[in-house]
Amino acid sequence: QVQVVESGGGLVPPGGSLTLSCTVAKNGLTIYAMGWYRQAPGKQRELVARISSTGRTNYADSVKSRFTISRDNAKNTLYLEMNTLKPEDTAVYYCKAQGSAKSYWGQGTQVTVSS
């Protein structure tokens with residue numbers, strides 16, 4: 001079984017920065033693409049950023065040039081560096097790890113951007 005655990009959320013003022021981490025306990029399984037998603041109150045979960053097993057990235061238009069996704073395969077860890085945060089970035093952020101047959105999700109970490 002794969003376990004996915006996010007960390008690093010919190011309260012940050014507008015214009016601030018925050019880095020999220022996601023550790024994946026693979027238990028021998030192969031993980032391919034990984035991604036960050038978010039869900040704000042009353043809204044659907046949306047893709048924030050995604051990174052393939054080879055390092056190719058793609059971002060939602062709303063976070064391009066502000067967020068950076070990266071992964072350390074040796075540490076089985078995914079990161080999301082968030083800069084110039086805006087109130088509309090407030091959401092629960094989820095990590096997703098794609099296996100060969102199914103996807104694995106973490107429980108989420110709350111990010112609140114407010115003064």
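**Salt bridges around Arg-38 and Asp-89**

Asp-89 and Arg-66 are both buried, a term that denotes under 20% relative accessible area, with exposed set at over 50% and partly exposed in between (1.4 Å probe, protein chains only). The side chains of these two residues meet in a salt bridge, with N and O 2.8 Å apart, where a salt bridge is a side-chain nitrogen of Lys or Arg within 4 Å of a carboxyl oxygen of Asp or Glu. The pair links distant parts of the chain, since Asp-89 lies in the loop between E8 and E9 and Arg-66 in the loop between strand E6 (57-59) and strand E7 (67-72), 23 residues apart; helices (H or I, at least four residues) and strands (E, at least two) are DSSP runs, numbered from the N terminus.

The model is predicted, so that local features need pLDDT of at least 70 and side-chain atom pairs count only at pLDDT 80 or more, whereas totals for chains, interfaces and linings use all residues. Residues are numbered from 1 along each chain as its sequence is written, and side-chain values use heavy atoms, with hydrogens and water left out.

Asp-89, which has a relative accessible area of 1%, also forms a salt bridge with Arg-38, the closest N and O atoms being 3.0 Å apart. Because Arg-38 lies in strand E4 (residues 34-39) and Asp-89 in the loop between strand E8 (77-82) and strand E9 (91-98), this pair ties together parts that are 51 residues apart in sequence.

Arg-38 in turn meets Glu-46 in a salt bridge of 2.7 Å, N to O; Arg-38 counts as buried at 6% relative accessibility, while Glu-46, at 37%, counts as partly exposed. In total, the count comes to 4 salt bridges.
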